[in-house]
Structure formats: C-alpha cells, structure tokens
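Me: I have a model open and want to know what stands behind the terms used for it. Please set each value against its definition.

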Amino acid sequence: MIIIKNGTIVTESESYCSDIMIENNKISCIGTNLSNDNAEIIDALGMYIIPGAVDVHTHMDLQSGNSRSIDDFYTGTVAAVCGGTTSIVDHVAFGPKNCALRHQIDEYHKLANGKAVIDYGFHGVVQHVNDEVLSEMESLAKEGISSFKIYMTYDFKLDDVSILKVLKKAKELGVIIAVHAENNDVINYLRENYVSNGCLETIYHAKSRPDHCEAEAISRVLHLAALAGDAPIYIVHISTEKGLDEIRKARAQGQKNIFSETCTQYLTMTEQKYLEQDNNGLKYVMSPPLRQSNDIDALWKGVQDGAINIIATDHCSFNLKGDKQKGINDFTKCPNGAPGVAERVRVIFSEGVMKKKISINRFVELLCTNPAKIYGLYPKKGSLIPGGDADITIINPNSEYTLTRSMLHGAVDYTCFEGMTLKGDIDIVIQSGKVAYKNNKFLGKKGDGKFIKRKVIG
Ligand code: URP
Ligand code: ZN
Ligand code: ZN
C-alpha cells in the first residue's frame, strides 16, 4: 500500500489538495488525513499529482525499409515511464503485401508481451481494402483493437475509394480511424525534382513536403469522413496552420466526430533545425517535417482553444549514428522518425504550463485524459478516481535544468531537445501501483506492462 500525501491533485477540470491511497494496482481512496500503519508514505509537498500520461502515437520496434527503430517495447516503454507516460497505444508497422489485418496485431503481441513495462494497446493498420479486411475490423475491435490507422502517403497508402470504405465501416462499428494525411503524389513529384536537380541536403526533406500537401490531404479525408456519415476520424501529427484550419473549417460547418493531434516537436522547433552543422539536421527528419514559426503559433492557439485534442509524440527512434546518418549525402535515404516519448511530459509542462500558455488542467486534458477518452481507455487510464488504475505521475514544478540525452532512459543516442532549459521535472512515477521511476532511476520490471483491451467509443 502507498499513500501520497500533501500534494496537489490535478485533473482535467480541477486542482485540489488531498491524499491518495493506492492498494494493489488501483487507487483505493482519495481524501484528507489518510493513514495506515502498513503504508509507504510519499510526501508530495509542493508537487503536482497527475494521472499517468497516455501517449497514443508511438512506433516501437518499427521496421521501416531497411532500418528498424532502436527502441523495442522494453527500452521504449522504459523511456516512456521515466518520462511520466504510463500507457501507450502503438501504431503497428506495415506487414507483408496483402497480409490479413490480424497479421500485424499477432506480430505486435509477440513483440510487446513480456517486454513492455507499462500497459499498451495497438492501432491496427489498414494497408489494403477488401471484404475480408473490412470484416476483420469488426473481429479485431471485439479483441480490443478499437482504432485503425490509414496512410495517405508511403508505400501502402490507400486510394480515396478504399479510404471511404474504411470510414463507412468505422462509422458502422464505432471505431476510430487515425490518418496520416499528406498528398503522396505531389510529395513524390517534388522529391524527384529536388533529387534530379542535386538538391540532396537535409533541408529538402522539408521543402519536398510543403504545408499545402498536409492541408489538402486533411481537407480531402475530412470530406470523405463527412460522406461516410461523419465517421469518427483522428488526424495524427498535425504540423501546419493550414492543416489545422481545415479541421476548424469542417467543424464550423457542423461535421462531427473529428479529433486532432499535434506532437511536441511541432510545438517547439522550426525547419531551421535541418540546417544544423555536421549533419545534425538529420536528427529531425520526420514526416511531416518541422515547419515555420507561424505554424508553431497556430498550433499553440489550437492547443489553447480546443481545436487540438491531444499532444502525442510520434516516437519513432532511429540512432543518429549509423541509421539517420544514412541520409548524409541524400535526405531520401534517412529513415523517417524521431524520438519523443521520454521528453513530451517535461517539454510540454515547461513550454506550456510554466510559460503560461496553458493551465495545468488543460495540460492534463491534452496529455492524459483526452487520449484515454478518445481511444477507449477512460476512466481506468487518464483519470485520478477511486477504482481507477494506479498510474500516477508526480511533477516538481520548482526544478530547473538543462535537458540532455544522458538524463533519458531509452536506447536512442540523441534527443531533439538537447540543451533546452526546462522548468518542472518528473519526480516519481507510479505504474500499476508500484513506483517505477524515482531519483532519475527506472525501478520497474521488464514484462510488467499488460495489453489493454480498448473499448469501442460508440
Ligand atoms: O516520420 C515519421 N513520422 N515516422 C513514423 C511514421 C509516421 O509517419 O507516423
Ligand atoms: Zn505518420
Ligand atoms: Zn507515426
């Protein structure tokens, strides 16, 4: 048994001083002056106590072309829990051409089981559409896979009719479709042009994926979702003002069931990063790319006014040495993706809450409660209530420090946020009723994480 005393409990709607009692893996009681002779006492005076954060956009152990991401479900979830995140919903990689929808889910159960240190779920990936795939969506939803990802770019992108079929099925089942929205043909055309003109430096990764490509694809898929009867749709990693404007426009016209995500990196860095010396710009090669300062401002506005529902990470870590460096002479050879699961809570707390862009309650809503609600984990996750899972992050707002790779716990050899001055640090993380992080040390156990059978939203 654990009792956390003297801290400020923060939920998406209120902040108040109270004690929390944890028994087994659940919160058993919230109240004042809680005591028990057998309890381990955690003194949280001056600290914020928030629900363990939920990251609904990670890619652990991802095979992408001839590179495999460096964080598997062990190192990636160690990085997560030491960064205040106690559950993830991972986007599974593409499988072999024409494979069954279940193929990759079966593979990912094998990859995560016995390794993950925090609870996890999976988004299925729809890489082609036929009657079998559509009916597998139904059977998998019954097994707790209540969301599916589609791509409008990359090798297994779906055409518009396939997207429409998936969205109609999603509407019928009440599952949610997460979409990577970028205009594939235009990007390929621009990339080929840059490459044939010898424009191979890292900055051309950004130049070949302009904001119009994101906005056009978001607009198109939102129209398809409307055609499918306002099918539940979730746009992942929105990076541009123009893209977010499409979300605002569709909602203003009355379209329902639209959910939106941005990620830490799009709120904090511009494409100037691609110009860093010594090929360090390769660290930030991800799709969509980093953008301009007007985009950062627009995304923060969306975070503040509710246009953005979730801040996630798109954690997809490749080592700089050896992996990202494949792009030294040609940006198209650099594996796409960057780490972020260890940094999100710290960076957004500092940039958002401490710089007074958002309240601490909105912070909890964006990183904990909304992800749990939208993806069928609530109220076991994303809340602090008696009966809920004892997944808790304690934040010390008085700590000020410079973030470096050496403080983080994953396998990857760099952080995009190296040298950033942060205010507010993670003090203790409790995962499933046990202290999993304290004094900058991982204290959990390999395999402690369990698969979460997620609910269908409605
Ligand atoms: O560059 C990225 N984001 N890689 C991971 C896959 C994706 O597009 O989300
Ligand atoms: Zn993506
Ligand atoms: Zn992703």
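Me: Leaving aside neighbours within four places in sequence, which residues is Ala181 in contact with?
Reply: Ala181 is in contact with Met152, Cys213, Glu214, Ala217, Ile218 and Ile235, where contact means heavy atoms within 4.5 Å. This is a predicted model, in which local features need pLDDT of at least 70 and side-chain atom pairs pLDDT 80 or more, while totals for chains, interfaces and linings use all residues. Residues are numbered from 1 along each chain as its sequence is written, and side-chain values use heavy atoms, without hydrogens and water.

Me: Why is Ala181 called buried?
Reply: Buried means under 20% relative accessible area, exposed over 50%, partly exposed in between (1.4 Å probe, protein chains only). Ala181 has 4%, so the residue counts as buried.

Me: What makes Lys149 buried?
Reply: The relative accessibility of Lys149 is 2%, therefore the residue is buried. Not counting residues up to four places away in sequence, Lys149 touches nine listed residues' worth of surroundings, among them His57, His59, His91 and His180.Me: What does UniProt list for Lys149?
Reply: An unreviewed UniProt entry lists Lys149 for "modified residue: N6-carboxylysine"; such annotations may be inferred rather than shown by experiment.

Me: Why is one side of strand 3 and of strand 21 left without a neighbour in the sheet?
Reply: The open sheet has the order 3-2-7-18-19-20-21. Strand 3 (15–17) and strand 21 (441–442) stand at its edges, each with a single partner strand, so one side of each has no neighbour there. Strands are DSSP runs of E, at least two residues long.

Me: How do you know that strand 20 and strand 21 pair?
Reply: Two strands pair if DSSP finds at least two bridges between them. Strand 20 (residues 434–438) and strand 21 have 2 bridges, in the antiparallel sense.

Notes
Chains are lettered from A and ligands numbered from 1 in the order in which they are written. Helices (H or I, at least four residues) and strands (E, at least two) are DSSP runs, numbered from the N terminus.
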